[in-house]
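Here is a short set of questions and answers on how a chain packs. The sequence and the structure come first.

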Amino acid sequence: MKLIRWLDKYLEESIMMFLLAALACVMMLQIVMRFGFQNALPWPEEFCRYCFLYSIMLATSYCIRTDRMLKVDAVVSLLPRKAVKVMDIISKIMAMTFCIILIYPSYRVMIGTKIGRHWQVSPSMQIPMAIVYSSAFVGFILGSIRGIQSVIIAIRNFSREEDKA
């Protein structure tokens, strides 16, 4: 149970920290190889691009979980407190719906990298492109899960405030 709580709280953060640390180390390696030894490696740019891509897609679910999505609240802030809570729930439902809708198309893109019996591979690292495109699929699944959690928590908090009033 402790593992599940830890994953619920730190999954995205931990993976993003690892990916960004790997990105920084590999990019530094490339800089040293290119300018120190005049012998650039062929794969670091591609590796860093894929790490960055996964970080972005994981950041989607992280932002949903921590309620740090981009919001324009100029009009919403003028509404009564109860209406603000309702608008917050509606925005969370919209974000969750967006992620749910994009799960299937991202899956199709990921599977679409198979040509006949072979998978497309990346140019320099030679990894299947399905692994690269799975970043969107994984990101939208995690975003959907975090969206469902976020909506449930917002509705519970709304109900508790109604009971107190």
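The questions below deal with a predicted model.

Q: How are helix α1 and helix α2 oriented to each other, roughly parallel or roughly antiparallel?
A: Helix α1 spans residues 2–36 and helix α2 residues 44–65, and their axes come within 9 Å. The axes cross at roughly 160°. Angles over 145 degrees count as roughly antiparallel. Therefore α1 is, relative to α2, roughly antiparallel.

Q: Which class of residue, nonpolar, polar or charged, has 17 members in the contact of α1 with α2?
A: The crossing of the two helices, α1 and α2, is left-handed. Their contact has three polar and seven charged residues. The class with 17 residues is nonpolar.

Q: Which helix gives the most to the largest nonpolar core?
A: That core has six residues: M16, L19, C51, L58, Y62 and L142. Both α1 and α2 supply at least two residues of this core. With three residues, the helix that gives the most is α2.

Q: Does R65 count as buried, partly exposed or exposed?
A: R65 lies in helix α2. Buried means under 20% relative accessible area, and exposed means over 50%. Because its relative accessibility is 26%, R65 counts as partly exposed.

Q: What separation do the C-alpha atoms of R65 and A83 have?
A: Leaving aside neighbours within four places in sequence, R65 is in contact with D8, K9, E12, E13 and R146. A83 is 18 residues from R65 along the chain. The C-alpha atoms of R65 and A83 are separated by 22 Å.

Methods. Residues numbered from 1 in each chain as written. Predicted model: local features only at pLDDT ≥ 70, side-chain atom pairs only at ≥ 80, totals over all residues. Heavy atoms only, no water. Axes fitted to C-alpha atoms, helices over the stretch in contact; angles between N-to-C directions. Helix = DSSP H or I, 4+ residues; strand = E, 2+ residues; numbered from the N terminus. Parallel < 35°, antiparallel > 145°, perpendicular 65-115°, else oblique. Left-handed = near helix turned anticlockwise from the far one by under 90°. Nonpolar A, V, L, I, M, F, W, Y, C, P; charged D, E, K, R; others polar. Core = buried A, V, L, I, M, F, W, Y, C linked by side-chain atoms within 4.5 Å. Buried < 20%, exposed > 50% of the residue type's maximum accessible area, 1.4 Å probe, protein only. Contact = heavy atoms within 4.5 Å.
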